[in-house]
Amino acid sequence: MYSTKAFDSLLLLISSIKYISALATMPVAFSDSNYVVTTLPVTWSEAYVLCQQNGMNLVSIKSAEEQDALAKALSFYGSPGDSHNRYWTAGKRFGRNSFVWFTDGEPLVYSNFAHGEPNNIKGAEACIEFVNYSKKTSKWNDIACSKKAGYVCQVRNVLCQK
Ligand SMILES: [Ca+2]
């Protein structure tokens with residue numbers, strides 16, 4: 001599904017974004033995951049690579065509990081509605097009406113889109129952002145991947161099983 005061209009662009013990004021410092025980062029922990037929140041606005045691809053460069057993945061949100069914990073943590077940044085309240089997730093459009101968590105390829109089992117979303121305006125909204133619409137309302141929106149937002153990196157601690 002993802003062309004070589006897109007992959008090449010991603011590789012090019014690696015050299016262009018290494019000068020971006022991870023300002024205003026803060027670690028957050030929930031259940032089996034650790035997160036780092038960055039409010040510095042970047043594009044989705046930049047966020048994806050920056051997380052990878054730090055040994056993490058762009059965040060995937062797989063339960064209501066995880067959504068609530070993140071919403072609580074992210075509510076400490078800026079005021080609802082301002083630029084410090086939009087964060088990239090790993091959610092990416094895969095096909096016309098479905099999304100996957102790009103980091104592990106899994107479809108969205110849990111989702112928390114705002115009313116009327118995802119609306120894929122102009123057929124150009126392929127990435128999922130996490131938005132604090134108000135102090136108590138945090139929802140997802142599909143938006144153009146070239147827009148800039150903060151981002152949340154994540155490490156899931158996988159339990160080893162015999
Ligand atoms: Ca949208």
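So, reading along the sequence, the chain goes α-β-β-α-β-α-β-β-β-β-β-β. That gives us three helices and nine strands. One thing to keep in mind while you look at it: this is a predicted model.

A couple of overall figures before we zoom in. The chain has 162 residues, and 33% of them are buried. Then take the contacts with a separation of 6 or more: 66% of those are between residues 24 or more positions apart.

Okay, let's go to strand E9, residues 149-156. How many of its eight residues are buried? Six of them, so this strand is mostly covered. And E9 has several partners, so let me walk you through them.

Start with strand E2, residues 33-42. E2 and E9 pair antiparallel, over seven bridges. If you want a spot to click on, find Tyr-35, which sits opposite Gln-154 in E9. Next up is strand E3, residues 57-58, also antiparallel to E9, with two bridges. There, Leu-58 faces Cys-153 of E9. And then strand E4, residues 86-93, which runs parallel to E9 and is joined to it by two bridges. The pair to look for here is Trp-88 and its bridge partner in E9, Tyr-151. While you're looking at these strands, a general reminder: in a regular strand, side chains alternate between the two faces of the sheet.

Now over to a helix, H2, residues 44-53. Why do I call H2 largely enclosed by the rest of the structure? Because seven of its ten residues are buried. Here's the list: Trp-44, Glu-46, Ala-47, Tyr-48, Val-49, Leu-50 and Cys-51. Just past the end of H2 you hit Gly-55, with a positive phi of about 70 degrees.

Last stop, and there's quite a bit to see here: the loop between E6 and E7. Strand E6 is residues 106-107, E7 is residues 127-132, and Pro-118 lies in the loop between them. The peptide bond leading from Glu-117 into Pro-118 is cis, with omega near -5 degrees.

Keep going along that loop and you reach Asn-120. Its phi is near 45 degrees, so a positive value, and Asn-120 isn't a glycine. Is Asn-120 exposed or partly exposed? It has 15 C-beta neighbours inside 10 Å, so it counts as partly exposed.

Ile-121 is in this loop too. With 11 C-beta neighbours inside 10 Å, Ile-121 counts as exposed. Its C-alpha is 8.6 Å from that of Asp-142, which is 21 residues away in sequence.

Then there's Lys-122, another residue of the E6 to E7 loop. Lys-122 also has a positive phi without being a glycine, and the value here is near 55 degrees. It has 7 C-beta neighbours inside 10 Å, so Lys-122 counts as exposed.

One more from this loop: Leu-108. It counts as partly exposed because it has 18 C-beta neighbours inside 10 Å. Which residues does Leu-108 touch, leaving aside its neighbours within four places in sequence? Gly-91 and Phe-99 are the contacts. And if you check Leu-108 against Ser-63, they're 45 residues apart in sequence and 9.9 Å apart in space, C-alpha to C-alpha.

That's the tour, so let's open it up for questions.

Terms used: Residues numbered from 1 in each chain as written. Predicted model: local features only at pLDDT ≥ 70, side-chain atom pairs only at ≥ 80, totals over all residues. Buried ≥ 20, exposed ≤ 12 C-beta atoms within 10 Å, placed from the backbone. Helix = DSSP H or I, 4+ residues; strand = E, 2+ residues; numbered from the N terminus. Contact = placed C-beta atoms within 7 Å. Pairing = 2+ DSSP bridges.
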